[in-house]
Structures are given as C-alpha cells and as structure tokens.
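This report describes selected helices, a helix pair and some backbone features. The sequence and structure come first.

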Amino acid sequence: MKILVPVKRVIDPNVKVRLKNDGSGVDLDNVKMSINPFDEIAVEEAVRLKEAGEASEVIAVSCGGHVCQETLRSALALGADRAIQVETDCDLQPLAVAKLLKAVVISESASLVICGKQAIDDDAGQVGQMLAALLGWPQATFASNVAISEGLAKVMREIDDGVETLEMRLPALITTDLRLNEPRYASLPNIMKAKKKPLEVVAAADLGVDISPRLTVLKVTEPATRKAGILVEDVTQLLDKLKNEAKVI
Amino acid sequence: MTILVIAEHDNASLKASTFNTVAAAINLGSDIHVLVAGSDCASVATAAARLDGVQKVLIADAPHHEAQLAENLTALVVSIASDYSHILAPASSLGKSALPRVAALLDVAPISEIVGIESPDTFIRPTYAGNVLVTVRSADVLKVITVRATAFNAVDTSGSAAIEAISAGTDVGLSSLIGRELNKSERPELGGAKVVVSGGRGLGSSEDYQRLLEPLADQLGAALGASRAAVDAGYAPNDCQVGQTGKIVAPQLYIAIGVSGAIQHLAGMKDSKVIVAINKDSEAPIFQVADYGLVADLFDAVPMLTDALHSGN
C-alpha cells in the first residue's frame, strides 16, 4: 500500500507575522519557513504505518515553486521514501491544490492519503476534504488515532464535544489533528540521506487541471490590537473591578 | 438569492452556532432556508423554524443521517445546491468536514470561517492564527462558506417558518460511525458560554485542574476551557482546547489561569469582552491582552476567588 502525504511550506509557527508596507500581503522576505506542523504529523503517521508493516512506500508531495523542495527534503528526512514536486508559480488556492493532488494520487495508485487538517498560514482547512470528495473517497478529519489493518481504517477523531471513531474501507483520506503523534526529530544522518532520496518534478501544466484562482484578495489588514489593561493587587481588587468597572459578574 | 444554512444539532436539540450562522445569512439576503439532516430530528426542525429570519426549514430525516457523516451530508447538500446562491454552515467539526467536500463536488472554492460580510460575494476571514484578516471576493456563482459563530450575534426565536420534509437521499456507505464518547457536562457549551474559566500548564496536573477550576466555574456558571499545553499534558479533554486549532470563544468574561498566552491560544480568545489573567510569571504574554492581570500563585489566588464569590463578597 502506498501512502501519499501532501506537505506545504509555511511561515515557521514561531515567527511573528508582519504585513508588507504596502499592505498587499504578508511579508515573506527573509522569514524562516518550515513544513506545516500538521503535515509533519501526517508524515510521521505515514512513516509509522510503514514501520509497522502496513504500508510499502511513503510519498511526500508539495505543490508550488522550486522552494518547496526544501519542504520535501524535510519530509524525506523524517522518513518519507521519495518526493514529488508539482511545479507551478501560480498562486495556488486549496481547490487547485486538491485537483493537482488528485492527479498525483491517481498516477501513483496511492490507497491512503494522510494530510494536515489545516495549514497554519491560510487556516483554510479544506484541501483534504476536497481531495477526498474529488476522488470519491471516505474521509476522517481531525484524527487523534489511526489503526489500519486488512484494508480497513479505524480512525478516532476529535470533534466539538468529545471524540468519535469512524471505520472506512481503503482507499481513504485522513487529516491529522495535534495529538495524533509527536513527530520525531530528523537526525543529521537522516537529513544527509534525504538529500539523496529521489525527488521528481512534475509540471502542474502537464496534469491537465484548471488551477486558476477563484478567490481574489481585496485587502489584507491586521486586526485591532487589544491594549493591555491593568495589574490588580489582589483577589479583592480583581472582584471589585469585575463587579463595578467591567460589570461582568 | 436564496441562502441555505446547515443546522448544527444532535438529533434532539439545535446548537447555538446555528443561531449565529442564520444571523450571518441575514447579511446576505432575506430568503433563508435551514436544512436539518438527521434521524428522528423533528424537534430540531421545530426549533429551527422559530429562528428569526428563516423562511423555510427543510428536514431530511433518515437513519443514515443519524451519525451526521460528512459523506452523507455532502451528498444531500449537493442534491439541493442548485436552488441556492449561498450555502452556510457553522465552522464546527461537522461544518469544517463537510463543506469543503460539498464545494469540491460543485467545483466551488469554499471560504472558511468568515468573521465579516462586505457584500454577497465579499467576505472577511482570519488567517495566520487571527493575526491577519483577509478580505476575499469569490468569483463562483454559488458561495460555500463556514461561519465563525462568535463573529455574529445570535438571532432571536420569534419566527414561525414552514417545515418541509425533503428526500433524505440514500446512504453513500463510504464510512460508518463505530463509537462516540461525548464529554457530558452540566456546564454551558464552551463556544457559546458567557463566562469561560480556562486553565493552562501552570495548573500542573489534571487533579488540580479539576480541583481548582471546577468550583470557580460553578460559582460563575462558566464553561471550562484549556490551553493546548494543558490538553496535551492530559489535564483537560481535547474538546476544551481554546485556540487557533481548537475552539474559538468570545465570552463576556474569560479568566485565564496559569495560561502563558502563546499566540495560538490568543487566537482563540482575544475577542472576549473582558479578559482576566492569573499567572505568577509577570512576563507571561497573556498579560499583554488581559484587561485585569493578577500576578499571583494560582494555587492561592483561585481558591480565594472562588471563596469570595461563594460568600458574595
């Protein structure tokens, strides 16, 4: 069984995001970039399934410009076997990414896709579900536990008021939540090895799908910042402020 | 232009986020339908018919909608989509799972978790953990949207819409629910609570999280929340997590106890009306957003606060 893991290059989660001076978007110049943390969890889960003998190969895929190869190398260092970069300089929106990934899933005959539940840059949380829909596959979003055996996936997922477990026959798609696993650190020898693993570049244009953007960004702004309030001396003063100033209790 | 709102419910009662989503729909047009897909869910349809602004409630009542699987809900919504200009759902675990699926099958670019509506094709949504707001215009004929409930004030319930049964479709049979563990609580729902008492890693253990926070929440009629660090450490269940990837809350009063205030946590609570922070580390970032900060050992301060509320002082 082949597992395909889409990965996205995003601003490192520890970087404070700033807008460009002209307000046209987020300033990405000289900013540290990383693999999307949820995608890292997805790679880890796929690699664990391979280590457990449930999968034959883990393929990492990223869509975008040449810089995505860095992200793919991170996935390879974590244990993915090979990588595919779907190359385009287009501004890719989630629907377009789902269509590109569909083409790759079909050409690779993958029977499981594990992806992050959302990317921490656009916070859209759409690609996995759209890819599953386009493939006609079942999905289990927000996974906190995955068990696969004999072509059946049992996935525990985090829902608004607790957890639930879904059963799906493969092929299927899973999106990862925070507590699915704790990704390993890539060791130096594995980082070196990753440089030699196969990385194939496929032109997006050759996949025959419409990737033109549907959404136009009209404006990018920072939300009003909250001002720090005051420090109170003790519990008595806190209660007094809540009752008589804020009037919330 | 007719707008479809997908109701959030548990087959027995309508969830609060539906009230907010209908409020968002009112900004788009006046012809609003609510879809209730479930099993033995007539009481939900009756409740939905009372929401102000709703013209019609569609009920699809069938056993295969009981578990509210994304695949079955998607098939149903797609089957009626051609009647609508907009399809809205709360940005809940169900809405987030099903709506992108619906959009993909209709070849539409969905718009996630909107917090503002500029016009029927232009929406505001947060990105980068709420640090960047983006205004986007959709070029699609049909708009498929999830709504952040806290950004829209709930509608009242003085309406009396018609209820119409529709074909529930067939079970697509792609997945099945084999177990569900809900965290039952007498407390208000976290997403809609007026007061939230939230704990972080500073609490140190699951025992202390419960021992200190539950009595305080009882005094305030509050929901319990937690930071990611506290959930990861096992102090609180996953559905308590407030933040970028957890729940988004905007109560009248948010009390953060032993929470450091990582930006991912702030993303989930910074729209609260009044924020109180109790933390012994005066440098904790939570104090930068708190209206009232108390630098103190929470193990002393929290019982004092609970006692003072209890005795009415």
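Angles between helix axes under 35 degrees count as roughly parallel, over 145 as roughly antiparallel, 65 to 115 as roughly perpendicular, and the rest as oblique. The model discussed here is predicted.

**A helix pair in chain B**

Two packed helices are described by the angle between their axes and the distance between the axes. In chain B, the axes of helix H3 (residues 70–80) and H4(B) cross at roughly 45° and come within 9 Å. H3(B) and H4(B) are therefore oblique to each other. Their crossing is right-handed. By class, the contact of H3(B) with H4(B) has 7 nonpolar, 2 polar and 1 charged residues. On the H3(B) side, the residues are Ala70(B), Leu73(B), Thr74(B), Val77(B) and Val78(B). They meet Ser97(B), Ala98(B), Arg101(B), Val102(B) and Leu105(B) in H4(B).

**Chain A overall**

Chain A has 6 helices and 13 strands. Along the principal axes, its C-alpha atoms fill a box of roughly 65 × 45 × 40 Å. Of the 249 residues in chain A, 48% are buried. Among contacts in chain A between residues at least 6 apart in sequence, 70% join residues at least 24 apart.

**Two covered helices in chain A**

Helix H3 of chain A covers residues 94–108. At 1.5 Å a residue, its 15 residues should span 21 Å, and the end C-alpha atoms are 21 Å apart, which agrees. Because 11 of the 15 residues of H3(A) are buried, this helix is largely enclosed by the rest of the structure. The buried residues include Pro94(A), Leu95(A), Val97(A), Leu100(A), Leu101(A), Val104(A) and Val105(A), and also Lys99(A) and Lys102(A).

What do the buried residues of H3(A) pack against? Within chain A, their partners are strand E1 (2–6), strand E4 (57–64), strand E5 (82–87), strand E6 (112–116) and helix H4 (127–135). From chain B, helix H4 (93–105) also takes part. H4(B) is thus named in two settings: it packs with buried residues of H3(A), and it crosses H3(B).

Helix H2 of chain A (residues 68–78) is mostly covered, with 9 of its 11 residues buried. Among them are Cys68(A), Leu72(A), Ala75(A), Leu76(A) and Leu78(A), together with Thr71(A), Arg73(A) and Ser74(A).

**Backbone features**

Several residues have a positive phi, as the table lists.

| Residue | Phi | Place |
|---|---|---|
| Gly79(A) | about 130° | just after H2(A) |
| Ser109(A) | near 50° | following H3(A) |
| Phe142(A) | about 55° | strand E7 (residues 139–149) of chain A |
| Asn11(B) | about 75° | loop between strand E1 (2–6) and helix H1 (16–26) of chain B |

Phe142(A) has its positive phi although it is not a glycine, and the same description applies to Asn11(B). Are these residues buried or partly exposed? A residue needs 20 or more other C-beta atoms within 10 Å to count as buried, and 12 or fewer make it exposed. With 28 C-beta neighbours inside 10 Å, Phe142(A) therefore counts as buried. Asn11(B) has 18 such neighbours, so it counts as partly exposed.

The peptide bond joining Leu170(A) and Pro171(A) is cis, with omega about 5°. Pro171(A) is in the loop between strand E9 (162–169) and strand E10 (172–176) of chain A.

Methods:
Residues numbered from 1 in each chain as written. Chains lettered and ligands numbered in written order. Predicted model: local features only at pLDDT ≥ 70, side-chain atom pairs only at ≥ 80, totals over all residues. Helix = DSSP H or I, 4+ residues; strand = E, 2+ residues; numbered from the N terminus. Expected span 1.5 Å × (residues − 1). Contact = placed C-beta atoms within 7 Å. Axes fitted to C-alpha atoms, helices over the stretch in contact; angles between N-to-C directions. Left-handed = near helix turned anticlockwise from the far one by under 90°. Nonpolar A, V, L, I, M, F, W, Y, C, P; charged D, E, K, R; others polar.
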